[in-house]
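The following explanation leads through a protein structure, moving from a loop residue to the annotated sites and then to a helix pair. Please keep the sequence and the model at hand while reading.

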Amino acid sequence: MDRGATIHAVTGSRSARLRGSAHQPPPVAFTNSGSHGARPRVAYFHDEQVANFHYGEKHPMKPHRLALTNHLVMGYGMYRHLDVYDTRRATAEELRDFHSEDYVEFLSRVTPENVTALTKTFGQFNIGDDCPVFAGIYDFSRRYAGASLEAARRLLSGDADIAVNWSGGLHHAKKAEASGFCYVNDIVLAILQMLRFHPRVVYIDCDVHHGDGVQEAFYSTDRVMTVSFHMYDGEFFPGTGRLEERGNGPGQRFTVNVPLRDGIEDAEYRTLFRTVMRSVMANFDPSAVVLQCGADSLGCDRLGRFNLSIAAHGECVRFMKSFGVPLLVLGGGGYTIRNVSRCWAYETGVLIDADLPNELPSTAYHEFFAPDYQLHPPLSGHIANQNTPASLRDLSRSVLEQLRSLQGAPSVQMSEIPPDLQGFLENSRSRNNGRGDDEEEVDVDGDDSSPQRPPRPHREEYYDHDGDHDDDEDM
Ligand SMILES: [Zn+2]
């Protein structure tokens with residue numbers, strides 16, 4: 001079977017050019033060799049230009065990680081088994097499906113030269129050290145958002161079972177505010193597209209940071225369940241993501257937070273993820289899944305605090321793929337870029353059922369992967385594990401109780417299609433404003449402090465110059 005034959009003709013030449021050598025990658029071996037039926041059709045969205053933007057020399061967000069990732073994907077020969085698509089920029093109108101008009105206008109006009117004058121006219125929009133204005137900021141934002149929108153549409157059209165955009169997953173951006181290195185929230189935009197046809201979409205966030213922007217956007221609707229696994233101690237950016245943040249109004253109980261402590265290890269994370277997600281899929285029964293694969297939850301991440309290996313991170317992808325529901329896979333955080341690219345290349349392999357050799361293929365960026373040149377470097381054990389069996393058991397129990405309480409909730413059976421996207425989020429909010437929440441409230445853990453809105457205590461603490469855990473990233 002060679003589904004990708006027509007696309008191969010295009011991408012093969014490009015990948016040879018990208019590799020910068022005549023070296024042919026070895027054939028990809030497969031883990032299931034078709035024994036479980038046809039492999040899924042995987043659409044891969046890559047924009048070569050998106051890797052060429054710079055937040056600034058000292059800034060930890062390096063779009064260059066996307067070039068490294070793509071070179072590994074191509075170097076392993078995975079293009080033969082992916083439907084590789086070119087991307088396009090999102091339009092201003094598409095951005096306004098979620099973002100406010102003045103914020104989009106600001107992004108479209110701001111440059112490093114006029115930022116001082118423009119913020120006086122338009123407002124600050126949380127522009128600063130975390131979210132600097134760099135050359136091409138609007139072009140960059142439109143590119144990664146356009147790729148996520150195209151990926152979502154390819155799923156909706158039925159051309160793909162799985163769609164991947166590693167440049168997406170910028171989960172902190174708010175309606176009218178940049179946050180945590182994110183300017184435009186491509187995830188919210190993609191989910192809004194999916195809601196045109198899907199009655200219920202589940203969003204899963206594996207980034208070490210709480211997926212606050214997506215949670216906030218869908219906090220009051222029962223059509224999107226957001227599930228975030230993240231580091232939480234009240235201080236760590238963005239400071240939200242408590243267990244008790246469970247949604248509001250019609251969205252009450254449809255926000256799920258799994259706050260973890262420093263240093264969680266592979267086995268614990270895998271068990272918790274599978275337990276929670278099995279229950280989410282059974283109780284919420286989504287018809288589409290959006291998975292944010294932030295790679296800052298890997299061990300040794302420059303800003304991260306977990307101990308996950310690439311294999312364990314990839315297990316989340318494998319597990320969500322196993323449900324056979326249309327799956328949108330996005331990138332996210334990740335600041336030790338040699339490991340980010342290894343992780344996303346490995347996860348691309350997971351999606352096509354490839355069994356990738358541990359020895360990395362030779363690419364133009366081979367020296368990034370010194371000294372071991374392996375797909376699975378040891379990443380565990382660098383941060384003391386503050387999670388205890390008891391704390392994880394309690395957390396798991398609380399989350400499962402919340403999910404079980406959805407059984408029989410009328411909203412779970414709801415299958416209303418929104419007439420227009422622009423009005424959808426506003427309608428969700430106004431629906432909520434027009435009703436009391438008390439009868440909706442289910443107090444699953446005795447804590448009655450569920451906020452009416454998700455709290456937003458931290459605006460500018462993500463990029464801590466002194467808090468980096470890795471100092472070798474000035475590339
Ligand atoms: Zn992150």
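In which loop is I383 found? The residue belongs to the loop between strand 10 (354-355) and helix 12 (389-404). The model under discussion is a predicted one. I383 has 20 C-beta neighbours inside 10 Å, and a residue is buried if 20 or more other C-beta atoms lie within that distance, so I383 counts as buried. Apart from neighbours within four places in sequence, the contacts of I383 are D262, G263, R305 and N307. The last of these, N307, is 76 residues away along the chain, yet the C-alpha atoms of I383 and N307 are separated by 6.6 Å. The loop between strand 10 and helix 12 also holds P371, and the peptide bond that leads from A370 to P371 is cis, with omega near 0 degrees.

Some overall figures place this loop in context. The protein has 13 helices and ten strands. Of its 475 residues, 52% are buried. Among contacts with a separation of 6 or more, 81% are made by residues 24 or more positions apart.

The annotated positions come next. An unreviewed UniProt entry places the feature "active site" at H172. H172 sits in the loop between strand 4 (162-165) and helix 7 (186-194). With 28 other C-beta atoms within 10 Å, H172 is buried. Not counting residues up to four places away in sequence, H172 touches S179, G180, C182, D212, G213 and P238.

Two residues of the loop between strand 4 and helix 7 deserve separate mention. G180 is found there and counts as buried, with 27 C-beta neighbours inside 10 Å. F181 has its place in that loop as well; its phi is near 75 degrees, a positive value in a residue other than glycine. F181 also counts as buried, because 21 C-beta neighbours lie inside 10 Å.

The contact partner P238 leads to another part of the chain, the loop between strand 6 (224-231) and strand 7 (255-260). A cis peptide bond, with omega about 0 degrees, joins F237 and P238. The loop between strand 6 and strand 7 also contains R253, whose phi is near 80 degrees, again a positive value in a residue other than glycine. R253 counts as buried, with 23 C-beta neighbours inside 10 Å.

UniProt also lists D207, H209 and D296 under "binding site", in an unreviewed entry. Although these residues span 90 residues in sequence, no two of their C-alpha atoms are more than 8.1 Å apart, so they gather at one spot. H209 is placed in the loop between strand 5 (201-205) and helix 8 (212-217), and its 29 C-beta neighbours inside 10 Å make it buried. Beyond neighbours within four places in sequence, H209 is in contact with G180, H230, F237, P238, D296 and G333. D296, in turn, lies in the loop between strand 8 (288-292) and helix 10 (310-321). It counts as buried, with 25 C-beta neighbours inside 10 Å. Among the contacts of D296 are D207 and H209, together with residues including G333 and Y335.

A further "binding site" annotation from UniProt, also in an unreviewed entry, covers D130, G180 and Y335. Why can these residues be said to gather at one spot? They span 206 residues in sequence, yet no two of their C-alpha atoms are more than 13.6 Å apart. D130 is found in the loop between helix 5 (115-122) and helix 6 (137-156); with 24 C-beta neighbours inside 10 Å, D130 counts as buried. The contacts link these annotations to one another: G180 touches H172 and is in contact with H209, while Y335 is in contact with D296.

The final topic is the packing of two helices. The axes of helix 2 (residues 65-75) and helix 11 (residues 337-351) come within 8 Å and cross at roughly 40 degrees. That angle makes helix 2 oblique to helix 11, and the crossing is right-handed. From helix 2, the residues R65, L68, T69, L72 and V73 meet I337, V340, S341, R342, W344, A345 and T348 in helix 11. By class, this contact comprises seven nonpolar, three polar and two charged residues.

How values were computed. Residues numbered from 1 in each chain as written. Predicted model: local features only at pLDDT ≥ 70, side-chain atom pairs only at ≥ 80, totals over all residues. UniProt positions renumbered as here; feature names shortened; annotations may be inferred. Helix = DSSP H or I, 4+ residues; strand = E, 2+ residues; numbered from the N terminus. Buried ≥ 20, exposed ≤ 12 C-beta atoms within 10 Å, placed from the backbone. Contact = placed C-beta atoms within 7 Å. Axes fitted to C-alpha atoms, helices over the stretch in contact; angles between N-to-C directions. Parallel < 35°, antiparallel > 145°, perpendicular 65-115°, else oblique. Left-handed = near helix turned anticlockwise from the far one by under 90°. Nonpolar A, V, L, I, M, F, W, Y, C, P; charged D, E, K, R; others polar.
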